[in-house]
Amino acid sequence: MGRQVLVTGGTGYIGSHTVVELQAVGFEVIIIDDLSNSTADVVDNIERISGIRPVFEEFNLLDLGRLETFFEKYRGIEAIIHFAAFKSVGESVEKPLYYYRNNLVSLMNILDCMSKYNVPNLVFSSSCTVYGQPDQLPVTENTPKKDAESPYGNTKAISEEILRDVVKVARELNVIALRYFNPIGAHPSALIGELPRGIPNNLVPFITQTAAGIRQQLSVFGDDYNTTDGSCVRDYINVVDLAKAHVIAINRLITSINIDRYEFFNIGTGKGASVLEVVKTFEEATGVKLNYKIVDRRPGDVEKIYADTTIANTVLGWKAQTSLYDTLLSAWNWEKRIRNID
Ligand code: UD1
């Protein structure tokens, strides 16, 4: 039997890819997910990829009683990766309390149970959103944080503060927060990937749905930014590479003795790509011409952000491997499979 890791949000986009990578190196994975933004067949597809079916428990983490019952049942859990959270920026502006309650109370419930049931290790899904629009690029882990642009972003910033404060007093607790830049792409098998509900907010799902004919046209939000081609710049990180960073973080927590008890790392490629570069690279990689037009800027967008990954490279020993070209191709292969396109 492998070492047990609990993955909350394990049927979600990044969660499912991480489950596969954990299983590939022998961890025994238990998923908790309420399926609020995913479907149960993801568990089947994880099994198809890995040949191993993860344990799956369906419930919402706000239910502390249910979570305690869970920890009574699974006594061997050594580490937790906490993905489960809401992530839509626009929705969080409409429903701030819904976001604060879900994202913060679930984290607090997890922390309560870690203390009560002696689970020492936590990897937390954070985001480059904590940096806002940085004054200097690339952003290092020590770049000053800015006020969050949205309640969603604020839940990530507050979560990091909760973790920092709890680690000070919870002597057994070790935490690694991973600050993701823009995760994109899908597993090379095309069996798991990103499946947004309704109209996608994020760039790459909108691109692949446009290419698949589900959306008529991609809107490029602004071409008058202070960037090489005028469109916004982001650091797009392959989701499988990102998943592997979690496995490294878990191993570091389980095996290292001399680590800071609260660490945080930038997880990106270190390279910025503009929206128009992403469009062009998608067209080159797939041979599909994209129907797009330039429209006004999207309120709240930062102009440019990309990571300094030196600390992740040297301390974690992790580095992004997959090119933007291959990653966009994987996103397209996933979209084609779920839409039955040849
Ligand atoms: C957004 C959130 C970020 C969150 C992440 C989660 C904002 C300001 N930031 O990141 O906090 O962690 O999603 O997934 O919302 N674009 C287009 N056309 C589109 C969609 C996007 O041109 O139809 C552009 C955007 O202007 C941006 C880039 O593509 O420049 C990436 O956008 P998106 O995928 O939404 O990610 P972020 O805005 O970086």
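How many Å separate an oxygen atom of the ligand from an N or O atom in the side chain of Ser127? The legends below start there and then move on to the empty spaces and two backbone details. Keep in mind that this is a predicted model.

**View 1. Polar side chains at the ligand.** To settle the opening question, the Ser127 side chain has an N or O atom 3.4 Å from an oxygen atom of the ligand. For Arg234, a polar side-chain atom sits 2.5 Å from a ligand oxygen. Asp301 also gets to 2.5 Å, counting from an N or O atom in its side chain to an oxygen atom of the ligand. On its own the ligand would expose 740 Å², and the protein buries 86% of that. Helix H7 (203-211) and strand E8 (218-221) are the elements that put two or more residues into the surrounding shell.

**View 2. The whole shell around the ligand.** Zoom out a little and there are 20 residues around the ligand, with Leu203, Ser219, Arg234, Arg298 and Asp301 coming nearest. E8 is the top contributor to this shell, giving four residues. Sorted by class, the shell has 10 nonpolar residues, seven polar ones and three charged ones. Why does the ligand lie between domain 1 and domain 2? Both domain 1 (4-185 + 238-267) and domain 2 (203-234 + 270-339) hand residues to the shell, so the ligand ends up between them.

**View 3. The second largest pocket.** This pocket has a volume of about 260 Å³. Its lining counts 19 residues, and those closest to the centre are Tyr236, Thr269, Lys271, Thr322 and Leu324. Strand E10 (236-238) and helix H11 (324-338) chip in at least two lining residues each. As for chemistry, the lining of the second largest pocket splits into 10 polar, six nonpolar and three charged residues.

**View 4. The largest cavity.** If you're hunting for enclosed space, the structure holds two cavities of 30 Å³ or more. The largest cavity comes in at about 80 Å³. Around it you'll find Tyr13, Ile184, Gly185, Glu194, Val204, Pro205, Thr208, Ala331, Trp334 and Glu335. H7 and H11 supply at least two of these lining residues each. The class tally for the lining of the largest cavity is six nonpolar, two polar and two charged. Domain 1 (4-185 + 238-267) and domain 2 (203-234 + 270-339) both give residues to this lining, so the largest cavity lies between them.

**View 5. The second largest cavity.** Here the space amounts to about 50 Å³. The lining is made up of His82, Phe83, Ala84, Ala85, Asn103, Phe124, Ser125, Lys156 and Ser159. Strand E5 (121-127) and helix H6 (151-169) are the elements that give two or more residues to it. Four of the lining residues of the second largest cavity are nonpolar, four are polar and one is charged.

**View 6. A cis peptide bond in a loop.** Which way does the peptide bond from Leu137 to Pro138 go, cis or trans? The bond is cis, with omega near -10 degrees. You'll find Pro138 in the loop between E5 and H6. Those two elements have already turned up in View 5, at the lining of the second largest cavity.

**View 7. A positive phi at Leu35.** Leu35 is not a glycine, yet its phi is positive, at about 60 degrees. Where does Leu35 lie? Look in the loop between strand E2 (28-33) and helix H2 (41-50).

Terms used
Residues numbered from 1 in each chain as written. Predicted model: local features only at pLDDT ≥ 70, side-chain atom pairs only at ≥ 80, totals over all residues. Heavy atoms only, no water. 1 Å grid on protein atoms, 1.4 Å probe; cavity = no way out; pocket = protein on both sides within 12 Å on 5 of 7 lines; lining within 4 Å. Points joined across faces, edges and corners; volume = space filled by probe spheres on them. Nonpolar A, V, L, I, M, F, W, Y, C, P; charged D, E, K, R; others polar. Near = heavy atom within 4 Å. Polar contact = N/O pair within 3.5 Å; in protein donor to acceptor, adjacent residues only side chain to side chain. Areas by Shrake-Rupley, 256 points an atom, 1.4 Å probe, with all protein chains shown as cover. Domains from an automatic or database assignment.
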